Amino acid sequence: MALLETIDADLKKAMLARDQVTRDTLRMIKSELLTLDNPDELAVLTRAVKSRRDSIKSYVEGGRQDLADKEQAEIDVIQRYLPKPLSDEEAREAIAAIIEEHGLSTKKDLGKVMKEVRSRHPGQIDGKLASTIAGELLG
């Protein structure tokens with residue numbers, strides 16, 4: 001529950017600072033965490049970022065940059081609570097190490113690689129990026 005305590009403290013700070021974006025975003029995240037029985041905090045935060053990225057794409061396509069900017073501001077708030085993502089090069093090195101460690105060599109092994117990436121680097125490597133890199137390395 002350390003994440004909820006951190007969010008509560010940051011929510012109070014945002015309220016005192018009259019930071020509406022942070023306040024509203026933290027309220028939404030807190031609500032999601034409290035409504036789930038035994039929530040996977042990382043999954044909730046990751047899902048929140050992903051849904052906002054999807055919304056940004058739709059807003060940009062629809063010519064609503066103002067709404068896209070609001071969604072991006074919310075992503076910036078949520079990312080404070082996620083593990084630092086690995087760079088593309090760090091992700092490539094981590095995936096290559098997993099492949100070498102397990103002696104994997106064909107595209108059939110992609111599922112094994114992805115499972116290991118998710119367990120070792122939760123929230124640090126985007127799934128699409130990991131899949132692309134693993135596909136290249138196993139190809």
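From the N terminus on, the elements of this protein run α-α-α-α-α-α-α. That makes 7 helices and 0 strands, in what is a predicted model. Taken along the principal axes, the C-alpha atoms fill a box of roughly 55 × 40 × 25 Å. Buried residues account for 30% of the 139 residues. If you look at contacts between residues at least 6 apart in sequence, 58% of them join residues at least 24 apart.

Let's start at the N-terminal end, with the loop between helix H1 (2-17) and H2, where you will find Arg18. Its backbone deserves a look: Arg18 has a positive phi of about 60° although it is not a glycine. Most residues other than glycine have a negative phi. The relative accessible area of Arg18 is 73%, which is over the 50% cut-off, so this residue counts as exposed.

Step on into helix H2 (residues 20-35) and you meet Thr22. Here the relative accessible area is 5%, and because that is under 20%, Thr22 counts as buried. What is Thr22 in contact with, leaving aside its neighbours within four places in sequence? The partners are Ala14, Val77 and Arg80.

Now travel to helix H7, which covers residues 127-138. At 1.5 Å a residue, its 12 residues should span 16 Å, and the end C-alpha atoms are indeed 16 Å apart, so the expected and computed spans agree. At the N-terminal end, Asp126 acts as the cap of H7, with a side-chain oxygen 3.2 Å from the backbone nitrogen of Lys128. Further into the helix, the buried residues are Ala130, Ile133, Ala134, Gly135 and Leu138. An α-helix has 3.6 residues a turn, so residues three or four places apart point the same way. As for what they meet, the buried residues of H7 pack against helix H5 (88-102) and helix H6 (110-120).

Asp126 turns up again in our last stop, the largest pocket, which has a volume of about 840 Å³. Of the 28 residues lining this pocket, those closest to its centre are Thr46, Arg53, Ile125, Asp126 and Gly127. Helix H3 (41-61), H6 and H7 are the elements that give two or more residues to the lining. Which of the elements gives the most? That is H3, with 9 residues. Sorted by class, the lining of the largest pocket holds 13 nonpolar, 6 polar and 9 charged residues.

Terms used
Residues numbered from 1 in each chain as written. Predicted model: local features only at pLDDT ≥ 70, side-chain atom pairs only at ≥ 80, totals over all residues. Heavy atoms only, no water. Helix = DSSP H or I, 4+ residues; strand = E, 2+ residues; numbered from the N terminus. Expected span 1.5 Å × (residues − 1). Buried < 20%, exposed > 50% of the residue type's maximum accessible area, 1.4 Å probe, protein only. Contact = heavy atoms within 4.5 Å. Polar contact = N/O pair within 3.5 Å; in protein donor to acceptor, adjacent residues only side chain to side chain. 1 Å grid on protein atoms, 1.4 Å probe; cavity = no way out; pocket = protein on both sides within 12 Å on 5 of 7 lines; lining within 4 Å. Points joined across faces, edges and corners; volume = space filled by probe spheres on them. Nonpolar A, V, L, I, M, F, W, Y, C, P; charged D, E, K, R; others polar.
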